[in-house]
Amino acid sequence: MSATDVAPASAEETTTAPPEVAPRRARRWNARRITYVIAPGVIFLGIREFGLLILSWMAGRNDISTTDALKSWDGQWFLAIAGNGYAGVPAGLVDAFGKRSFETPLAFFPGYPTVVGWLSDLGFRLLPSALAVTVAFGVVCAYGLTRLGAIVTGGSRTVGLILVALFAASPMAIVLSMAYSEAMFCALAVWALVFVLERRWIGAGLCCAAAGLVRPTASALILAVGLAMLVAVYQRRDSWRPWLGGVLAPVGLIGYLAWVGVRTGEWDGWFALQRRGWDSEFDGGVATVRFTLDVLGNARSVLEVATVGLIIGALALLVVGWRRRLEWPLLVYAAGVLAMDLCSNGLMNSKARLMLPAFTLLLPIALGLAKRRPSTVVLTLAGIAVASAWFGAYSITAWGYAI
């Protein structure tokens, strides 16, 4: 029998499905849509929860409280400022030399403790408020990273989700679960960079202004965003918006530094606080080089050796990003973060943590992994997550010094 002998299906037969099929399709579509929406947050929270499980185990092994670990070091300062303001920080909190004056707390930027204080004022306890703020901004950052991975050259949503996993499993990502300000800063930074690549200048300027109240690392962000805005102005693109964004970008950082200057009576008051209290100032990288050579010479601890490895790895990734022609504002931002970290002689044990905001360095890895088989991607990310969870837990339980 030829094809022409086959009777065509009726319109009813071709368009009408059994009654139960349509609802099933709708449920599948809704499930896919929900999965699509929540994926960045689920990936971030899942990896960070695994890190907390490892932290809980290691805290028990070292006879310390998990709660105490999550609020250790800088967390104590942020919680004190959030609860009592700069003037009410307990006298027991001192600088790196064991000293304390009325101006010492001013070394810590106000953005994070202010938001924590607002939440605490609603009736929530201080530490849960701080951790909630950290986690919330971590999730906001995850969605920004997903967007960033999708819009870079050669990027996709898959690249963005891999980038989220790499960020959540960064070597010192433990601070993304602590009473620290890194999660808030990174959330503002990534969205500022997204807005720059999308030429949404006012949004970029506002994010920069807010980031300037959170961490001094905002200098690197302002540099990258400001240069992008200058290019837009020079090329006469987007009318008045780059001008306004450029005016807004440094407001937060300059405002806080000026306020500290007035409080201390020194025009460079915040920088003077860093020198006097934490022996931290720009030295062009001399101290970092000495630290690297010293550690490689005697390998005193896991954290210090790992820190040297991470410094070398970060510099290598910067070169890889340049060779892959990553968007130049992203490279400028990463280079600025590394310069601020590696070219100062502050606490060497904090170098790894201070590199965390240089998340754009992870893009070449994400772009490369996205081309591999799903099984390879999953196994690689799982291994990185395990290593990060252990290293972060080690740094605040077994390691006895500030991070």
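**Exercise 1. Find which residues are linked with Asp74 in a network of salt bridges, and describe one pair within it.**

Asp74, Glu182, Arg215 and Arg353 are linked in a network of salt bridges, where a salt bridge is a side-chain nitrogen of Lys or Arg within 4 Å of a carboxyl oxygen of Asp or Glu. The model is a predicted one, in which local features need pLDDT of at least 70 and side-chain atom pairs count only at pLDDT 80 or more, while totals for chains, interfaces and linings use all residues. Residues are numbered from 1 along each chain as its sequence is written, and side-chain values use heavy atoms, with hydrogens and water left out.

Step one is the pair itself: aspartate 74 forms a salt bridge with arginine 353, and their closest N and O atoms are 3.6 Å apart. Step two is the placement: aspartate 74 belongs to helix 4 (residues 74–84) and arginine 353 to helix 17 (residues 351–354), so that distant parts of the chain, 279 residues apart, are linked; helices here are DSSP runs (H or I, at least four residues), numbered from the N terminus. Step three is the surroundings: both aspartate 74 and arginine 353 are buried, which means under 20% relative accessible area, with exposed over 50% and partly exposed in between (1.4 Å probe, protein chains only).

**Exercise 2. Determine whether arginine 276 and its partner glutamate 103 are buried or partly exposed.**

The side chains of arginine 276 and glutamate 103 meet in a salt bridge, at 2.7 Å from N to O. Because arginine 276 lies in helix 13 (residues 269–278) and glutamate 103 in the loop between helix 4 and helix 5 (111–121), the pair ties together parts that are 173 residues apart in sequence. Arginine 276 has 41% relative accessibility and therefore counts as partly exposed, whereas glutamate 103, at 11%, counts as buried.

**Exercise 3. Describe the salt bridge of arginine 275 and the accessibility of its two residues.**

Arginine 275 pairs with aspartate 268, and the closest N and O atoms of this salt bridge are 3.2 Å apart. With a relative accessible area of 34%, arginine 275 is partly exposed, while aspartate 268 is buried, its relative accessible area being 15%.

**Exercise 4. State how confident the prediction is, and where the lowest mean pLDDT among the elements lies.**

The pLDDT is the predictor's confidence in each residue, from 0 to 100; its mean over the protein is 91, and 94% of the residues reach 70 or more. Among the elements, helix 1 (residues 11–15) has the lowest mean pLDDT, 44, and helix 8 (residues 182–197) the highest, 98.

Key: Helix = DSSP H or I, 4+ residues; strand = E, 2+ residues; numbered from the N terminus.
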